[in-house]
Amino acid sequence: MAANLRDVARRAGVSVPTASRVLSGADYRVSDDLRARVERAARELDYVPNAQAQALLQGNAGTVGVLAGDVRDPYFSEIINGVHAAATVRKLLVTICNTDRDVARELEYFRLLQAHRTGIVIIAGSELDDETYKRGMAARSRSFQNSGGRVIAVGNPFLEADHVLVDNVAGGRALGEHLVALGHREIGVVAGDAKVLSTVDRIAGLREALEGAGGVVHVRYGSASREGGYAGAQELLKDHPGSTAIVGSADQMAIGALTFLRHAGRTVPGDISIAGFNDIAGCEDVVPALTSVRLPLTEMGAIALELATTPAPPDKPLVRELSTELIVRESTGPAATGR
């Protein structure tokens, strides 16, 4: 039978409340000898504290909840990997809440995490430019932090919380300038949800570079998936056959567009160039290897947890801003002429 707190107290020769306070890490003054006796008794009896009971008393700083938009999407899975790696070092327990990009579900998961006295919530969810979503997340975030929890937002700059931010506009601009230098002046973008802030920023950067050079950007929105990229590329080239490049707002969409072009008998980059965002695993393995704007996704997750375990300043949120990097591979080349 597993040892309980009463067994520890009896072996250490102290009261049950004293043993509880010592083992919970509470700010309770006892002699070094008494503390050592309690800790030694707990080790000898292999006593495991009841985390649920501790959470009811003081909240559980040892638990982390992650609100993820879609765990099947490499963008979110890589961020989660970073959170897990950092949590393992700190001996924290991580709960993943897959919201499937559903606003109501994301808000409900956040409420449930608070109800279960979770110590840290990392928001890597919908990041929607939607007033109902913004109001709901802001209210829940304030409530959670007022109850003693920490909130870290990966993106979502509108929240009054600590942040990990990436300059997606700069990433889009760098990719656009790369395409302009190759002679492209008409490009298509296959994109996910039009209200997702990272997608909005990436397209804005592309437009800035292309339109600044006298070019034009056509956009087709759809599912942020390989299938969405396939269908979007088909629609784009039907409506805008003069496009010399297609950019996916996420790599899986760019890979879907690449598949469509192969099925249509078009060569890449000879007939048309392809590029994406995030630089997920596999970008180097497709043929041709995919040009992509690299985001430090795993690092973003690790830094989010690092911020959560850093004392919060009283006057302003903690913010870490990370850079993107354009990785040029074989899928982009000079714009085709005579089209």
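Visitor: How many bridges join strand E9 to strand E10?

Guide: Good place to start! This is a predicted model, where local features need pLDDT of at least 70, side-chain atom pairs count only at pLDDT 80 or more, and totals for chains, interfaces and linings use all residues. Residues are numbered from 1 along each chain as its sequence is written, and side-chain values use heavy atoms, leaving out hydrogens and water. Strands here are DSSP runs (E, at least two residues) and helices are too (H or I, at least four), numbered from the N terminus, and two strands pair if DSSP finds at least two bridges between them. E9 (residues 273-278) and E10 (residues 291-294) run parallel, and the bridges joining them number four.

Visitor: Which residue in E10 is the bridge partner of Asn278?

Guide: Strands of a sheet pair through backbone hydrogen bonds, either parallel or antiparallel. For Asn278, the bridge partner in E10 is Arg294.

Visitor: Which strands stand at the edges of the sheet?

Guide: The sheet is open, has six strands with mixed pairing, and follows the order E7-E6-E8-E9-E10-E12. Two strands each have a single partner, so one side of each is left without a neighbour in the sheet. These are E7 (216-221) and E12 (325-327).

Visitor: What angle do helices H8 and H9 pack at?

Guide: Axes are lines fitted to C-alpha atoms, for helices over the stretch in contact (heavy atoms within 4.5 Å), and angles run from 0 to 180 degrees between N-to-C directions. The axes of H8 (residues 168-181) and H9 (residues 197-212) lie 7 Å apart, and the packing angle is about 35 degrees.
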